[in-house]
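This report introduces a structure to a reader who has not met it before. The sequence and the coordinates are shown first, and the description comes after them.

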Amino acid sequence: MIVETAKPDDRQGILAVTAKIDIFSDEEKDTVRELWDDRESGYNFLVAREGGQVVGYSCFGERALTEGTYDLFWLAVAPSARRMGAGVALMRQTESEVRARGGRLIV
């Protein structure tokens with residue numbers, strides 16, 4: 001399992017994972033797409049890959065009007081990749097990224 005910063009061509013993989021999550025409403029699925037398309041506003045995506053395919057992602061960003069506080073907007077793993085460690089790996093890498101940016105709290 002590889003976790004890394006999402007690349008521009010990961011959009012389809014992220015949206016494909018999102019589409020497979022049954023508990024996400026259509027509005028939530030649209031929001032993931034909007035956050036991806038608006039990454040320049042401070043939304044950060046990490047992806048988990050297995051065999052070169054995106055099997056999960058996290059989305060996080062700095063919380064406005066705070067110092068060192070970040071929001072975890074999404075953590076999603078495709079149903080076919082669950083129980084393989086992708087969620088844990090994504091959370092650990094998200095925490096590491098936040099720490100590297102001077103973050104002290106993830107909400």
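The sections below treat the sheet, the helices, the nonpolar cores and a few individual residues in turn.

## The sheet

The model described here is predicted. Its five strands make up an open sheet with mixed pairing, arranged in the order β1-β2-β3-β4-β5. The edges are taken by β1 (2-5) and β5 (105-106); each has a single partner strand, so one side of each lacks a neighbour in the sheet.

At one edge, β1 runs antiparallel to strand β2 (residues 44-50), and four bridges join the two. Within this region Glu4 lies opposite Val47 in β2. Further along, β3 and β4 are also paired in the antiparallel sense, through seven bridges. Phe60 has Leu72 of β4 as its bridge partner. At the other edge the pairing of β4 with β5 is parallel and involves two bridges; here Tyr70 is matched with Ile106 in β5.

## Helices against the sheet

Helix α2 (residues 26-37) lies across three strands, namely β2, β3 (53-62) and β4 (69-77). The direction of α2 is at about 120 degrees to that of β4. Helix α3 (residues 86-100) also packs on the sheet, where it touches β1, β2, β3, β4 and β5. Between the directions of α3 and β4 the angle is about 160 degrees.

The buried residues in α1 are Gly13, Ile14, Val17 and Thr18. Viewed down the axis of α1, the buried residues fall within an arc of 140 degrees and therefore line one face of the helix. The elements covering these buried residues include α2, β2, β3 and β4.

## Two nonpolar cores

The largest nonpolar core contains 16 residues. Ile14, Phe45, Tyr57 and Trp74 are the residues with the most contacts inside this core. Two or more residues are contributed by each of α1 (11-19), α2, β2, β3 and β4. A second core, separate from the largest, has 11 residues, among them Leu46, Ala48, Val55 and Phe60.

The surroundings of Trp74 can be listed in full. With neighbours within four places in sequence left aside, Trp74 is in contact with Phe24, Glu28, Thr31, Val32, Leu35, Tyr57, Ser58 and Cys59. Tyr57 is thus a contact of Trp74, and both are named among the residues with the most contacts in the largest core.

## Asp10 and Phe73

Asp10 is located in the loop between β1 and α1. With a relative accessible area of 5%, Asp10 is buried, because the cut-off for that term is under 20%. The side chain of Asp10 comes to 2.7 Å from the backbone nitrogen of Lys7. Residues up to four places away in sequence not being counted, Asp10 touches Trp36, Val47, Arg49 and Val54. One of these, Val47, is the residue in β2 that stands opposite Glu4.

Phe73 belongs to strand β4. The relative accessible area of Phe73 is 33%, and the residue is partly exposed. Apart from residues up to four places away in sequence, Phe73 touches Leu35, Tyr43, Cys59, Phe60 and Gly61. Leu35 and Cys59, which Phe73 touches, are also listed among the contacts of Trp74. Phe73 and Val17 are separated by 56 residues in sequence, while their C-alpha atoms are 15 Å apart in space.

## Two loop residues with positive phi

Most residues other than glycine have a negative phi. Against that background, two residues deserve separate mention.

Leu65 is not a glycine, yet has a positive phi of about 65 degrees. Leu65 sits in the loop between β3 and β4, and the hairpin formed by these strands has six residues between them. Its relative accessible area of 91% makes Leu65 exposed.

Arg83 likewise has a positive phi, of about 70 degrees, without being a glycine. Arg83 occurs in the loop between β4 and α3. Arg83 is exposed, its relative accessible area being 87%.

Notes. Residues are numbered from 1 along each chain as its sequence is written. This is a predicted model: local features need pLDDT of at least 70, side-chain atom pairs count only at pLDDT 80 or more; totals for chains, interfaces and linings use all residues. Side-chain values use heavy atoms; hydrogens and water are left out. Two strands pair if DSSP finds at least two bridges between them. Contact means heavy atoms within 4.5 Å. Axes are lines fitted to C-alpha atoms, for helices over the stretch in contact, and angles run from 0 to 180 degrees between N-to-C directions. A nonpolar core is a set of buried Ala, Val, Leu, Ile, Met, Phe, Trp, Tyr and Cys residues joined through side-chain atoms within 4.5 Å. Buried means under 20% relative accessible area, exposed over 50%, partly exposed in between (1.4 Å probe, protein chains only). A polar contact is a pair of N or O atoms within 3.5 Å; within protein, one must be able to donate a hydrogen and the other to accept it, and residues adjacent in sequence count only if both atoms are side-chain atoms. The arc is that of the directions from the helix axis to the C-beta atoms.
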